[in-house]
Amino acid sequence: MGLYLLDYGAGNVQSLANSLASLGHSFEWIQDPSDFQKATSLVFPGVGAFQTAIEHLTARNLLQPLRDYILSGKPYFGICIGMQVLFQSSAEAQSRGLAIIPCPIEQFHDDDKTVPHMGWNAADLITSQHPEGVNPTSHYYFVHSYCAKYNPDVYPEAMQWAYTTTQYGQELFVSSVRKANVFATQFHPEKSGEAGLKLIDEWLRKPESEHTSAPAAPLITRVPAPMHKLTKRIVACMDVRANDQGDLVVTKGDQYDVREKAESGVVANTAGAVRNLGKPVALASRYYQAGADELCLLNITSFRHSPLQDQPMLAVVRAAAETIFVPLTIGGGIKDTVDPDGTKRTALEVAGAYFRAGADKVSIGSEAVFAVERLLSAGKPDGTSAIETIARVYGKQAVVVSIDPRRAYVDPTTYDGPYANELVYGKEDGPEEERGKAWWYQCTVSGGRETRPLSALQLAQGVERLGAGEVLINSIDRDGTGKGFDHELLNLIRKNVKIPIVASSGAGTAQHFVDVFERTDAEAALAAGIFHRGEVGIQEVKIALKNANINVRD
């Protein structure tokens, strides 16, 4: 089979390449327009912004050959942007699509849900004819702000392409299409664990002749169910840095101190050494096998001022991405930098290197604080921040902002400062050390070592305005305490932004995950040390969530 992959030059296509390699399928890359003539099957995995994809395809003279290939009747498998380009147009951009499916791509409403639609959701079959391996009992990974809404009354011809639908909030959208020689998914099978790998493998192992004559789907009338099937996500995070011998290790500290202390009971000759909790690739693989819904690798010290020269960290990302088929976020040094030889590097270049190595999202920390400070000072975005430049090319779903606040205590009876409307008051039945106190959440930079005159709420609202797709809410006060997540902080942010949030810092038991999902509307929860030390297992967390009737992926 002449299997070819199309890389339009932006998103992370390495994930699909890794999936195909793990399944034993060989392939070639589309290098120029003539390669479309050689292909007998084509896969187009796309991550990023619709307009960027169209512009890059046009600039490389690949757009019309792609359309000609699809209309030729040869098998085509599109993923995410690879599905959306089949439609007439997208509300995300001025550019037109291939117009093979006659309806537009529209934006999700955010009145009853967060946007992007990010996480694991179901794909419900419209018809069982010509099955393509989609399992309605499985969950698949979605990450998008725009969709083809299922509307047979307005677009009857287009809806005959629909193969599965998915509900998010009260909106029903087309999550995969199947007609004639075309099969395409809005979700990412290459990031959907075993269920996604099975779907890819079944499609590739079928004779090509079986991919050329799928019939039109019946039009159905569906009333959206009261609740979508989006699951809560469990994220395993690994802080990665070089130890004193130069080896990259996973470490973890209390309030960001990662060196062993003499009084902690460690062997005397290791006191003062970087705490070593394992090798990053091995740990990442272990957490994937244990059922983590996402993984996060944070480069906390190594080559922070010249991340593109950090070849060991890039090698870790490449190696991890070869065996991990769930989303992978990379953080640390995602900013404009200058190499030791004077070469200037943009945040977009740094992010691009990580995406090409196999990352799906990048996490931005201190640079987001400075960007929001500029935003508040100028009253409008300047278009130069790492958040804006990366989101413009790769889409907002590729940008996570990590917020590191600490409590700033004030007199609850006299404080009338700029954060009066954000004050949190200790509950009478809450922890004794909080009773009678009031505080706001102050942002920090440089790993919590420096405070800034900016609140966590201001930062969250600011990065949403700049184009971030998700915020990770840490708590310096809770980090390493095992007392549970800071629900007051999470609820403050959740009530004031429309993008997904990830709870972090403080988890000590499986019950803490149940508590955070029952008492806040966080979409995901992250932990590190308790997983590394084996105090709590990922499956233990998921069993506790299921027992509490909280929807999670098996």
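Here's a quick briefing on one sheet, the helices lying on it, and one alanine elsewhere in the chain. Keep in mind that this is a predicted model. The sheet is open and eight-stranded, with mixed pairing. The alanine, Ala522, counts as buried, with a relative accessibility of 0%.

**The sheet**
- Reading across, the strand order is E2-E1-E3-E4-E12-E11-E10-E7.
- Strand E2 (28-29) and strand E7 (124-125) sit at the edges, each pairing on one side only.
- In the order, E4 is followed by E12; strand E4 covers residues 76-80 and strand E12 residues 182-185, and the two pair in the parallel sense over four bridges.
- Looking at that pairing residue by residue, Phe77 has Phe183 in E12 as its bridge partner.

**Helices on the sheet**
- Helix H4 (residues 63-71) packs on the sheet and touches E3, E4 and E12. Its direction makes about 130° with that of E3.
- Helix H1 (residues 14-23) lies across four strands: strand E1 (3-5), E2, strand E3 (41-46) and E4. H1 runs at about 155° to E1.

**Around Ala522**
- You'll find Ala522 in the loop between helix H15 (510-519) and strand E27 (524-527).
- Ala522 is buried because its relative accessibility is 0%, and the cut-off for buried is under 20%.
- Setting aside neighbours within four places in sequence, Ala522 is in contact with Lys232, Ile501, Ala503 and Phe517.
- As for Leu204, Ala522 is 318 residues from it in sequence and 37 Å from it in space, C-alpha to C-alpha.

How values were computed
Residues numbered from 1 in each chain as written. Predicted model: local features only at pLDDT ≥ 70, side-chain atom pairs only at ≥ 80, totals over all residues. Heavy atoms only, no water. Pairing = 2+ DSSP bridges. Contact = heavy atoms within 4.5 Å. Axes fitted to C-alpha atoms, helices over the stretch in contact; angles between N-to-C directions. Buried < 20%, exposed > 50% of the residue type's maximum accessible area, 1.4 Å probe, protein only.
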